[in-house]
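Visitor: I have a chain open here. Can you walk me through it?
Guide: Sure, take a look first.
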Amino acid sequence: MTGLAVADTWNWEFDVGALPELRIGYHDGLIVGLLPKPLNRDSDDQEMSLCDVVDVETDVMVGAGIGVVQLSTVGLVMLHRRFTPLEQSRVAWAVGTRVRRQRLLAGTDPRVVMTGARPPADLVPAGVGFSGYRVRLRDGDAVSEVEVWEVMFPFRDLLRESDST
């Protein structure tokens, strides 16, 4: 899968207090967001026009997330499993928003599917892979390294090519 690279994320840092609020509850599901183009080119801010949590069984979650992100009104989908720490999901959402912003500015396909915890192989459809993003998370004076994942689906390049024709 080519053309999907974003800037090295080793220097990306997020403050715990600035992470997006997510009210997910203790269940498995997709968090679906409609994110317009950035309001300010010099900012990571994107106004959340819509956010919804859709209950999805874990055995179809990855495929469902890939399907939902194809909808023209969807900008970001996050897979959340009930055992994933909420902070991991909040970091995944923040990283996904930044990845999406970079792709918008680069003029590439901005559709992003993220997860705070990589699902086990038996829950992943054939041909689907994951790209890890290591970022720093600051909580006061303490800084920790956090890894979140982007779902890389095999027909993404085909979608990008069909959008440009």
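Guide: Helices (H or I, at least four residues) and strands (E, at least two) are DSSP runs, numbered from the N terminus. The model is predicted: local features need pLDDT of at least 70, side-chain atom pairs count only at pLDDT 80 or more, and totals for chains, interfaces and linings use all residues. Residues are numbered from 1 along each chain as its sequence is written, and side-chain values use heavy atoms, with hydrogens and water left out.

Visitor: What phi does G107 take, just after helix 2?
Guide: A positive one, about 75°.

Visitor: And what is the order of elements along the chain?
Guide: From the N terminus, β-β-β-α-β-α-β-β-β-α. That is 3 helices and 7 strands.

Visitor: Back to helix 2. What span should its 21 residues have?
Guide: Helix 2 covers residues 86-106 and should span 30 Å. The expected span is 1.5 Å times one less than the number of residues. The end C-alpha atoms are 30 Å apart, which agrees.

Visitor: How many of its residues are buried?
Guide: In helix 2, 15 of 21. Buried means under 20% relative accessible area, exposed over 50%, partly exposed in between (1.4 Å probe, protein chains only). For the chain of 165 residues, 45% count as buried.

Visitor: Which residues have the most contacts inside the largest nonpolar core?
Guide: F14, V91, V95, M114 and V148, in a core of 22 residues. Such a core is a set of buried Ala, Val, Leu, Ile, Met, Phe, Trp, Tyr and Cys residues joined through side-chain atoms within 4.5 Å. Helix 2 gives the largest share, 6 residues.

Visitor: What does V148 touch?
Guide: Beyond its neighbours within four places in sequence, its contacts (heavy atoms within 4.5 Å) include Q88, V91, M114 and Y133. Another core lies apart, with 17 residues, among them I66, V69, W149 and F153.

Visitor: New topic. How many aromatic pairs are there?
Guide: The count is 1. Rings of Phe, Tyr and Trp (its six-membered ring) pair if their centres lie within 6.5 Å; planes under 30 degrees apart count as stacked, over 60 as edge-to-face, the rest as tilted. Y26 and F83 have ring centres 6.0 Å apart and planes at 85°, so the pair is edge-to-face. They sit 57 residues apart in the chain.

Visitor: Are Y26 and F83 buried or exposed?
Guide: Both are exposed.

Visitor: Which charged end sits over the ring of W149?
Guide: That of R118, 5.0 Å from the ring centre. The rule wants NZ of Lys or CZ of Arg within 6 Å of the centre and within 35 degrees of the ring normal. R98 likewise lies over the face of W12, at 5.1 Å.
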